[in-house]
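Here's a quick look at a helix pair and a couple of threonines. Have the structure open while you read.

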Amino acid sequence: MTAITSTTRPLAPARPWLVRPPGVYRPQDDTWFLASALRASGMPSGARVLDLCTGTGALALTAAMSGAGSVTAVDISRRALAAAWTNTRLRGLPVRAVRGSLAEATRRGPFDVVLANPPYVPCPIPASGAARAWDAGPDGRVVLDPLCAGAAAMLAPQGFLLLVHSKVADVDKSLTRLRESGLAAAVVASRTVPFGPVMRARAAFLEEAGLITAGQQDEELAVIRADRP
Ligand SMILES: C[S@@+](CC[C@H](N)C(=O)[O-])C[C@H]1O[C@@H](n2cnc3c(N)ncnc32)[C@H](O)[C@@H]1O
């Protein structure tokens with residue numbers, strides 16, 4: 001990591017207004033939970049930040065307003081990138097919006113801080129259309145597994161990843177995969193939230209797959225922090 005000083009001063013508003021075209025993920029509990037974990041993380045001022053799976057750019061914007069030196073926002077969706085670009089430019093924030101996935105993000109690194117709120121909702125069929133923002137295969141890990149395996153390669157020495165997902169997508173598996181890749185990983189925050197519309201609509205499948213209990217109507221979100229030595 002480059003020579004940088006530490007700050008925990010929360011400069012970004014908790015829930016900024018955002019332009020959100022149709023088909024782009026509406027920032028939700030998981031977004032704001034990760035944003036608050038970022039503000040509490042002691043992110044070094046001047047840090048090089050990657051917001052992987054940026055959507056509207058809500059987290060890129062939070063990082064830029066919290067003292068990041070540079071922010072790269074990556075998403076596979078063109079509409080999401082247009083939204084992230086607009087939301088950050090409207091505030092005069094110098095965020096680089098890049099279309100791509102993990103490989104492209106890795107190529108642009110290394111980063112001092114990587115933020116990720118990836119798709120993680122288990123789904124019986126392959127994701128398509130707007131649902132690619134949340135659907136993530138039968139166990140919810142289509143994006144999570146490669147992300148956890150590849151996180152170390154995106155990070156600079158002493159850099160860290162902040163990753164949010166629901167316990168229905170197996171937090172222990174994320175911790176194991178991150179540790180296998182050489183990172184020191186732990187859950188730093190968790191919070192129970194009511195099911196949103198996607199989880200409500202998916203409840204029967206989740207129950208049948210044994211991923212939630214009968215009648216369950218809420219889920220636990222976890223923020224995982226993984227540090228590169
Ligand atoms: C749950 S949304 C999160 C959006 C935003 N970060 C937030 O917290 O509000 C996930 C985003 O990941 C993007 N995405 C899905 N698969 C991806 C992949 N393989 N690589 C990069 N982005 C991906 C989707 O287009 C979507 O914008």
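## Two threonines and a helix pair

The side chains of threonine 54 and aspartate 51 are joined by a polar contact of 2.6 Å (an N or O pair within 3.5 Å, one able to donate a hydrogen and the other to accept it; residues adjacent in sequence count only if both atoms are side-chain atoms). This is a predicted model, where local features need pLDDT of at least 70 and side-chain atom pairs pLDDT 80 or more, while totals for chains, interfaces and linings use all residues. Numbering runs from 1 along each chain as its sequence is written, and side-chain values use heavy atoms, with hydrogens and water left out.

Threonine 54 sits in the loop between strand 1 (48–52) and helix 2. Leaving aside neighbours within four places in sequence, its contacts (heavy atoms within 4.5 Å) include Ala60, Val74 and Leu81.

Threonine 62, by contrast, lies in helix 2, and a polar atom of its side chain is 2.8 Å from the backbone oxygen of alanine 58. Both threonines are buried (under 20% relative accessible area):

| Residue | Relative accessible area |
|---|---|
| Threonine 54 | 7% |
| Threonine 62 | 1% |

Now the helices. The axes (lines fitted to C-alpha atoms over the stretch in contact) of helix 1 (residues 29–39) and helix 2 (residues 58–65) come within 10 Å and cross at roughly 20°. The two are therefore roughly parallel, a label for angles under 35 degrees. Helix 1 brings residues including Trp32, Leu34 and Leu38 to meet Ala58, Leu59, Thr62 and Ala63 in helix 2. The residues of this contact divide into 7 nonpolar, 2 polar and 1 charged.

Terms used: Axes are lines fitted to C-alpha atoms, for helices over the stretch in contact, and angles run from 0 to 180 degrees between N-to-C directions. Helices (H or I, at least four residues) and strands (E, at least two) are DSSP runs, numbered from the N terminus. Angles under 35 degrees count as roughly parallel, over 145 as roughly antiparallel, 65 to 115 as roughly perpendicular and the rest as oblique. Ala, Val, Leu, Ile, Met, Phe, Trp, Tyr, Cys and Pro count as nonpolar, Asp, Glu, Lys and Arg as charged, and the others, Gly among them, as polar. Buried means under 20% relative accessible area, exposed over 50%, partly exposed in between (1.4 Å probe, protein chains only).
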